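Me: I should like to learn how to read the secondary structure and strand pairing of a protein chain. Could we work through a case together?

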Amino acid sequence: PTLPGVASALAALRAAEAAGFGACRRVRDIVWLRPLAAADGPVEARIALVAGERDIGFEIAGPDGLACRGRIEPTGDPLALPVPEDGQEWSAEALYDRLLETGLDYRADYRPIRSVRVSPHGAVAELDMAVIGTGFADWPLPPPLLDAALQVAAASTLPADGGPAPTLVPFSAAWIDLAPEAARDWRRAARIVARPVPAVTG
């Protein structure tokens, strides 16, 4: 079994709050360097936090070395993202069929997207939070909700004409941000907005 990338981000958020940094809901500049996988038994991972002037750096390391790094920002004003009004709309079935073609197989609790509209300017998805089972009822932020953000980001990269899609393995994200209502109660999350950012090289 391999620890999902979103679980790394969630663990970093919880570690920052447990260390006394206050309520945190934004993770940015996330890079997944290698998977944390368990072969024959439990795997020990270490989370290191480094406080900056305005944010907290984190690193998650496993037996094979550094697995994930990024930065956490305390709760503040949510990022203002324009909601795409144009583009092609896909049903949940169409979206998850397309993601399956890329090697991303989502099942059960991890299919909370009801529909998604994709355009060159980004993607916006409507959510059905009832899909996320009662097993996450006591979680401050369930992994399926964070994973849905990556699903929407992945959808924005798929060919609009339905042509062959490349294999997708998310390895970085500029940010994941929760609106205040969703941060207080994740069941109130209703929409995810994603937009592409320029690639950084070198």
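The dialogue below takes up the elements, the pairing of strands and the chain totals in turn.

Reply: Please keep in mind that this is a predicted model.

Me: Let us begin with the inventory. How many helices and strands does the chain have?

Reply: A reading starts with the elements and then takes up their order. Here the chain has 4 helices and 9 strands. Followed along the sequence, they give the pattern α-β-β-β-β-β-α-β-β-α-β-α-β.

Me: How does one read strand pairing, and in which sense do β1 and β4 pair?

Reply: Two strands count as paired if at least two bridges are found between them. Strand β1, residues 24–32, pairs with strand β4, residues 65–74, in the antiparallel sense over 6 bridges. As one example, V31 has R69 in β4 as its bridge partner.

Me: How many bridges join β3 to β4?

Reply: Strand β3, residues 56–62, is joined to β4 by 7 bridges, and these two strands also run antiparallel. Within this pairing, G57 has R71 of β4 as its bridge partner. The connection from β3 to β4 is a hairpin through 2 residues. Strand β4 thus has both β1 and β3 as pairing partners.

Me: What share of the contacts links residues 24 or more positions apart?

Reply: Among contacts with a separation of 6 or more, such residues account for 69%.

Me: What percentage of the residues count as buried, taking under 20% relative accessible area as the cut-off?

Reply: Of the 202 residues, 39% count as buried. The accessible surface of the chain is about 11,200 Å², and carbon and sulfur atoms contribute 54% of that area.

Conventions: Residues are numbered from 1 along each chain as its sequence is written. This is a predicted model: local features need pLDDT of at least 70, side-chain atom pairs count only at pLDDT 80 or more; totals for chains, interfaces and linings use all residues. Side-chain values use heavy atoms; hydrogens and water are left out. Buried means under 20% relative accessible area, exposed over 50%, partly exposed in between (1.4 Å probe, protein chains only). Contact means heavy atoms within 4.5 Å. Accessible areas come from the Shrake-Rupley method with a 1.4 Å probe; for residues, only the protein chains shown count as cover.
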